[in-house]
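Dear colleague,

I am passing on the structure below, which you have not worked with before. Please look it over first, and then read the notes that follow.

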Amino acid sequence: MVEEEAKSLPMELSEKGGVENNGFVQNEAFDDKETVTSSQEEMPKTCIVVDPAAVEEPALKPYAGMPKEVLLKFSSQARYRVTREILFWLIIAAAIVLVCATIAIIALSPKCLDWWQASPIYQIYPRSFKDSNMDGNGDLKGIQEKLDHITYLNIKTIWITSFYKSPLKGLGYGAEDFYDIDPMFGSMNDFENLLAAIHDRGLKVIMDLIPNHTSDKHRWFQLSRNRTGKYTDYYIWKDCMQAAGSVTPPNNWVSVFGNSSWQFDDVRKQCYFHQFGKEQPDLNFHNLAVQQEIHDIIKFWLGKGIDGFSFSAVKFLLEATHLRDEPQVNKSQNPESVTAYSQLYHDYTTTQVGMHDIIRSFRQTMNQFSSEPGRYRFMGSDGDENIEATMMYYGTTFIQEADFPFNFNLINMKDLSGNSIFEAVNLWMKNMPAEKWPNWAVGSPNAARISSRIGKEYVNVMNMLLLTLPGTPVTYYGEEIGMENIASENVSEEHRSSDPVTFPEKSPMQWDGKVNAGFTEGNSTWLPVNSDYQSVNVESQMTRSNSSLNLYRELTLLRNNELPMHRGWMCYIWNDSDVFVYVRELDGLDRGFMMVLNFGQESTIDLKAIVPNLPSEAIIRLSTNFSNAGKAVNTKLVKTEMGEGLVLEYKTAKPVHTMEAFQGNCFVAEKACYSSAFNLLYVNC
């Protein structure tokens with residue numbers, strides 16, 4: 001009976017809603033007895049049935065650590081639904097506006113100036129820049145030692161002239177090996193170290209490449225003169241008659257340096273063609289294998305990491321295959337007496353059909369190395385005596401060629417005046433194709449220095465012109481301190497070049513007032529140092545506020561920091577025998593700069609009469625006379641001394657380029673407009 005009651009007890013407990021706890025079972029027998037006894041004494045025998053539906057469940061509230069099932073119950077309840085929807089759509093709308101604004105800014109923003117546009121270019125002839133090993137010859141390590149000078153000038157692009165292995169005839173412009181460094185300048189390891197140092201400073205480097213010819217010591221020429229395999233026709237060989245010790249050339253073609261362009265070779269028993277010296281035979285660019293050789297050379301140096309090439313003598317790449325005589329300038333002259341280059345029209349030896357196709361193929365090869373962001377490879381070329389022919393090197397809108405042909409108009413002027421400067425500048429600007437970029441040079445390896453060419457009193461104003469014109473300025477080493485040529489009689493015969501065009505009258509760079517101008521610590525220099533080196537040198541000019549060096553530096557800072565100076569409009573205002581005046585402006589900017597440059601005698605000019613909207617007063621931002629900087633000048637009475645230059649800054653609400661009277665006198669290369677509200681540039685003015 002007891003057992004039956006005990007068995008029925010759990011059933012009753014469960015019906016009452018009790019909870020069975022079997023968690024503590026150390027002694028099951030004892031527990032069972034206790035349970036039975038207590039059940040008999042305490043539990044009533046009456047059963048109460050509770051309806052579970054009648055029991056009210058407690059309200060469920062959110063709590064930390066809710067499981068997913070509980071969280072989902074609350075997510076379906078309406079809580080700030082309208083507010084959340086408003087915030088959601090506001091975020092979506094803001095994102096769309098941001099994307100559209102970004103697209104609009106990108107679409108409306110002008111193209112950023114590339115590195116070859118943004119900085120002046122500093123050209124170095126390595127043999128005359130700095131000697132590092134005391135042998136009297138400048139070298140690549142010497143350039144590396146003086147990179148701080150480049151950065152001091154606020155310049156970011158270096159152009160190093162030819163340093164290929166060469167017999168150094170004609171300043172080394174006839175390579176013996178395009179893949180090696182001449183031992184005079186160092187080793188390939190020295191070049192790689194220099195390149196790394198240049199790039200570490202954020203600078204760029206351009207190399208020379210003269211594809212037209214090689215040295216007669218080149219391996220290709222030695223193989224060609226022996227008719228070896230594919231090299232047989234790497235050069236231009238023609239039969240020529242030889243009798244009684246004299247040679248009758250195939251035609252009347254004349255070398256740039258004078259006398260016949262044909263040289264008889266005793267090994268091959270034929271004449272080879274040379275546009276320059278007889279030690280510099282022309283390659284045969286009608287031979288596709290020769291063209292491929294040049295492409296391989298380009299790839300080799302771009303693979304090394306250089307940033308661009310300047311291609312020289314490219315108009316000579318092709319010659320007419322018919323070998324007809326070129327027409328004489330003076331038709332009555334005895335043909336036998338024609339020996340000078342200027343006595344012939346060079347219709348068959350320059351700018352032949354197909355020449356530009358070859359240059360464009362060079363550009364295409366360089367473009368293969370320009371795909372990496374920030375690593376565009378620059379391509380420059382020389383031009384032609386004819387301005388229209390020169391402009392063809394820019395290429396077309398659809399076919400890219402040189403980024404620009406180098407402009408030597410300011411070097412080739414026959415006389416100096418405000419008018420001649422205007423004519424040289426205007427000749428380039430009015431002929432330059434639309435949307436192309438100009439460039440300017442006032443010195444080069446083949447020209448006398450500014451001081452010697454036009455006078456030392458004009459050095460500073462020429463540099464002011466160079467650095468305030470639109471486009472890329474090119475400075476030849478030493479022009480920033482006003483170096484002069486050395487007298488020809490001071491140059492020994494062993495140092496005289498075989499090329500009369502490139503006779504090296506420009507002495508080594510003058511770094512300080514010590515022995516040999518700091519160019520070398522050795523006992524001698526390859527060319528004599530100019531006798532003025534104790535006063536005309538970098539070290540002394542750095543300490544003088546009114547020096548040519550510090551004016552040059554201030555001009556590069558102005559160019560870098562002022563938008564109108566490096567990408568704005570240029571408008572001619574006035575020119576006469578003494579002065580050349582022009583402005584630099586930018587749409588949307590209420591400031592302008594006016595350059596008043598004197599290339600003649602003392603002059604006084606009324607600028608307000610020429611530009612009525614000009615304010616009555618302007619501030620001298622920079623002057624070749626440093627003491628005048630910051631002074632106010634009356635625009636009705638602007639006075640300049642011989643060789644003086646002024647950069648005037650003024651406020652204006654009506655820029656000159658918007659005035660009808662000056663419409664034909666204004667040019668812009670990379671058009672941009674300034675928004676003062678957003679402090680950015682845009683293109684749709």
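Which strands does helix 17 (residues 548-561) lie across? Helix 17 lies across strand 18 (591-598), strand 20 (617-623) and strand 23 (645-651), and runs at about 125° to strand 20. Helices (H or I, at least four residues) and strands (E, at least two) are here DSSP runs, numbered from the N terminus, while axes are lines fitted to C-alpha atoms, for helices over the stretch in contact, with angles running from 0 to 180 degrees between N-to-C directions.

Please keep in mind that this is a predicted model, in which local features need pLDDT of at least 70 and side-chain atom pairs count only at pLDDT 80 or more, whereas totals for chains, interfaces and linings use all residues. Residues are numbered from 1 along each chain as its sequence is written, and side-chain values use heavy atoms, with hydrogens and water left out.

The chain has 19 helices and 26 strands, and buried residues (under 20% relative accessible area, with exposed over 50% and partly exposed in between, for a 1.4 Å probe and protein chains only) make up 51% of its 685 residues. Of the contacts (heavy atoms within 4.5 Å) in the chain with a separation of 6 or more, 68% are between residues 24 or more positions apart.

The strands that helix 17 crosses, strands 18, 20 and 23, belong to an open sheet of 7 strands with the order 21-20-23-18-17-16-24 and antiparallel pairing; two strands pair if DSSP finds at least two bridges between them. At the edges stand strand 21 (632-634) and strand 24 (666-667), each of which pairs on one side only. Strand 24 is joined to strand 16 (residues 569-575) in the antiparallel sense over 2 bridges, and M570 stands opposite F667 of strand 24.

Another open sheet, of 3 strands, has the order 6-10-9, again with antiparallel pairing. Strand 6 (237-238) and strand 9 are at its edges with a single partner strand each, so one side of each has no neighbour in the sheet. Strand 9 (residues 262-265) and strand 10 (residues 270-273) are joined by 4 bridges, with W262 partnered by F273 and F264 opposite C271. Their hairpin has 4 residues between the strands, and K269 takes a positive phi near 65° there.

Turning to the interior, the largest nonpolar core (buried Ala, Val, Leu, Ile, Met, Phe, Trp, Tyr and Cys residues joined through side-chain atoms within 4.5 Å) has 127 residues, of which F191, W301, F309, V425 and L465 touch the most other members. Helix 15 (residues 459-468) gives the most to this core, with 7 residues. Because domain 2 (115-206 + 407-558) and domain 3 (567-682) both give residues to the core, it lies between them; the domain bounds come from an automatic or database domain assignment. Leaving aside neighbours within four places in sequence, L465 is in contact with L410, I421, F580, Y582, L597 and F599. A second, separate core has 23 residues, including V581, M594, A618 and V638.

F191 and W301 also appear where helix 8 and helix 10 meet, in a contact made by M188, F191, E192 and L195 of helix 8 and F300, W301 and K304 of helix 10. Helix 8 (residues 188-200) and helix 10 (residues 288-304) pack at an angle of about 55°, with their axes 11 Å apart.

With good wishes
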